[in-house]
Amino acid sequence: MFEMDLQGWGVAVVSDLGAPWDGPTSLEVTAHDVDAVIETDGITAELLRKLPMGEIRKQLKQIRAQLGSAVGPAGSEAVLERVETDLEYALMAREYLRLVEQGFRSPIARLADGWGMSRNTISGRIRRARAMGFLDGPTGKPADRLTEKSRRLLEGQSGKGVDQPG
């Protein structure tokens, strides 16, 4: 949650970690200083335009990263700092597809935020995973399924982290 005072109005912005988007999920504006807000004629469009939404999004993103947030509503089984082995590529592909299946509009951005990495890094890893045969989908479209190669590697991995033996 992000809170601020804006010309006598208290503003609370909430971001739900399980929401299928990265921005705020709710906004509450209440009068904190009645004497200061009497002149405003209530909540106006002018007041709302003064909200620093870019800064609010930035701070919510930092809070999410500090909390070690899950990348999806069900959480993430693996946070992959490095992706080098076939198993790590298969695990990353599985995490990506979980977000796709849960309806996330930008699964790459969600993984990047959840894992504290750049979107370019995650995007490159997803492209490599597809090129290496871990993800599949229609030509020219985002990947939408694991390959047999990935499924074989992931057998017996359900519920295990990257560092746990298969």
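1. A good place to start is the outside of the chain. Its accessible surface comes to about 9600 Å², and 50% of that belongs to carbon and sulfur atoms. Please keep in mind as you read that this is a predicted model. Of the 166 residues in the chain, 37% count as buried.

2. Next, the overall layout. The chain holds seven helices and five strands. Walking along from the N terminus, you meet the elements in the order β-β-β-α-α-α-α-α-α-β-β-α. Among the contacts with a separation of 6 or more, 53% are between residues 24 or more positions apart.

3. Let us look at the sheet at the start of the chain. Three strands form an open sheet in the order β1-β2-β3, with antiparallel pairing. The edge strands are β1 and β3 (26-31), and each of these pairs on one side only. On average, neighbouring strands in this sheet are turned by 20 degrees against each other, direction ignored. As a general point, side chains in a regular strand alternate between the two faces of the sheet.

4. Here is how the strands are joined. Strand β1 (residues 2-6) pairs with strand β2 (residues 9-14) in the antiparallel sense over five bridges, and Met4 stands opposite Val11 of β2. On to the other pair: β2 and β3 also run antiparallel and are joined by six bridges. There, Trp9 stands opposite Ala31 in β3.

5. The turn between β1 and β2 deserves a visit of its own. These two strands form a hairpin with two residues between them, and Gln7 in the turn has a positive phi of about 50 degrees. Gly8 also has its place in the loop between β1 and β2. Is Gly8 buried or exposed? Gly8 is buried, because its relative accessible area is 6%, and the limit for buried is under 20%. Leaving out residues up to four places away in sequence, Gly8 touches Thr30, Ala31, His32, Asp33, Ala36 and Val37. The C-alpha atoms of Gly8 and Thr40 are separated by 9.7 Å, while the two residues are 32 apart along the chain.

6. Now for the interior. Which residues have the most contacts inside the largest nonpolar core? They are Met92, Tyr96, Ile122 and Leu135, in a core of 22 residues. Helices α4 (86-101), α5 (107-115) and α6 (119-131) each supply at least two residues of this core. The most comes from α4, which gives eight residues. There is also a second, separate core of 11 residues, and Trp9, Val13, Leu47 and Leu51 are included in it. You have already met Trp9 opposite Ala31 in the sheet.

7. Helix α4 is worth tracing from end to end. Its 16 residues should span 22 Å at 1.5 Å a residue, and its end C-alpha atoms are 22 Å apart, so the two values agree. Among the buried residues of α4 are Glu88, Tyr89, Met92, Arg94, Tyr96 and Leu99. The buried residues of this helix pack against α5, α6, β4, β5 (145-146) and α7 (148-154). After α4 comes Gly103, whose phi is positive, near 90 degrees.

8. Helix α6 can be read in the same manner. For its 13 residues, 1.5 Å a residue gives an expected span of 18 Å; the end C-alpha atoms are 18 Å apart, so this agrees too. Ile122, Ser123, Gly124, Arg125, Ile126 and Ala129 are buried in α6. The partners of its buried residues are α4, α5 and β4 (135-136). Just after the helix, Gly133 takes a positive phi of about 90 degrees.

9. Two single residues help to tie this region together. Ile108 lies in helix α5 and counts as partly exposed, because its relative accessibility is 22%. Setting aside neighbours within four places in sequence, Ile108 is in contact with Tyr96, Arg119, Ile122, Ser123 and Ile126. From Ile108 to Asn120 the C-alpha distance is 8.8 Å, with the two residues 12 apart in sequence. Leu135, again without neighbours within four places, has contacts that include Ala93, Tyr96, Leu97, Ile126, Ala129 and Leu146. Tyr96 and Ile126 are thus worth finding on screen: each is in contact with Ile108, and each is in contact with Leu135.

Conventions: Residues are numbered from 1 along each chain as its sequence is written. This is a predicted model: local features need pLDDT of at least 70, side-chain atom pairs count only at pLDDT 80 or more; totals for chains, interfaces and linings use all residues. Side-chain values use heavy atoms; hydrogens and water are left out. A nonpolar core is a set of buried Ala, Val, Leu, Ile, Met, Phe, Trp, Tyr and Cys residues joined through side-chain atoms within 4.5 Å. Buried means under 20% relative accessible area, exposed over 50%, partly exposed in between (1.4 Å probe, protein chains only). Helices (H or I, at least four residues) and strands (E, at least two) are DSSP runs, numbered from the N terminus. Contact means heavy atoms within 4.5 Å. Two strands pair if DSSP finds at least two bridges between them. Accessible areas come from the Shrake-Rupley method with a 1.4 Å probe; for residues, only the protein chains shown count as cover. Axes are lines fitted to C-alpha atoms, for helices over the stretch in contact, and angles run from 0 to 180 degrees between N-to-C directions. The expected span of a helix is 1.5 Å times one less than its number of residues.
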